[in-house]
Amino acid sequence: MADTQQVDQKAERTAARLAQRIGAFAKAHGGAECQVAYLGERGARIVLVGEDGGWGDLVAPTYEIAERAVAKSGITAHESFDGEFAAKVRTGAYEWKRMAGIQIGG
């Protein structure tokens, strides 16, 4: 029983740290929304999109911890990274150059 409580406390601390980082991102970008994607054994990816179009991501050790962190942060979570949500992302020259490099083998 004590092991279960210890794991839950560790998960809570991890979720709280992620929620702080999500909150800092949201504050820096005038608000934010996200989508949580399952990564398999590696956990879950929290894709953040700011109101200004800035974007970033965080990786949580489990999908449940990612969901808990998003809930604690208070931002809106989307079920999928659909067209309307993806259209909010603003990419710069670096991203376009990097994507082109991937396409031509660079």
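Start with the whole chain and its contacts: among those with a separation of 6 or more, 54% are between residues 24 or more positions apart. Keep in mind as you click around that this is a predicted model.

Now colour by secondary structure. You should find four helices and four strands, and walking from the N terminus the order is α-β-β-β-α-β-α-α. Switch on a surface if you like: the chain exposes about 7,200 Å², with carbon and sulfur atoms supplying 53% of that. Of the 106 residues, 31% count as buried.

**Stop 1: the core**

Which residues have the most contacts inside the largest nonpolar core? Select Ile 22, Ile 46, Leu 48, Val 70 and Ile 75; the core they belong to has 19 residues. Helix α1 (2-28), strands β1, β2 and β3 (55-60), and helix α2 (63-73) each put in at least two residues. The largest share, six residues, comes from α1. As background, nonpolar side chains in soluble globular proteins tend to be buried together.

**Stop 2: Leu 48**

Zoom in on Leu 48, which sits in strand β2 (residues 44-50). Buried or exposed? Leu 48 counts as buried because its relative accessibility is 2%, and the cut-off for buried is under 20%. Show what surrounds it: beyond its neighbours within four places in sequence, Leu 48 is in contact with Ile 22, Phe 25, Glu 33, Cys 34, Gly 54, Trp 55, Gly 56, Asp 57, Leu 58 and Ile 75. For a quick distance check, pick the C-alpha atoms of Leu 48 and Val 36: they are 8.9 Å apart, with the two residues 12 residues apart along the chain.

**Stop 3: Ile 46**

Next, select Ile 46. Leaving out neighbours within four places in sequence, the contacts of Ile 46 include Ile 22, Cys 34, Val 36, Leu 58, Ala 66 and Val 70. Gln 35, Gly 56 and Asp 57 are also in contact with Ile 46.

**Stop 4: Glu 33**

Go back to Leu 48 and hop across to Glu 33, one of its contacts. Glu 33 lies in strand β1 (residues 32-38). With 10% relative accessibility, Glu 33 counts as buried too. Which side chains make polar contacts with that of Glu 33? Show His 78, whose side chain is joined to that of Glu 33 by a polar contact of 2.3 Å. Then show Lys 88, where the side-chain polar contact with Glu 33 is 2.5 Å. To fill in the rest of the view, add Val 47, Val 49, Glu 51, Ile 75, Thr 76 and Phe 85, which are among the residues in contact with Glu 33.

How values were computed. Residues numbered from 1 in each chain as written. Predicted model: local features only at pLDDT ≥ 70, side-chain atom pairs only at ≥ 80, totals over all residues. Heavy atoms only, no water. Buried < 20%, exposed > 50% of the residue type's maximum accessible area, 1.4 Å probe, protein only. Contact = heavy atoms within 4.5 Å. Polar contact = N/O pair within 3.5 Å; in protein donor to acceptor, adjacent residues only side chain to side chain. Core = buried A, V, L, I, M, F, W, Y, C linked by side-chain atoms within 4.5 Å. Areas by Shrake-Rupley, 256 points an atom, 1.4 Å probe, with all protein chains shown as cover.
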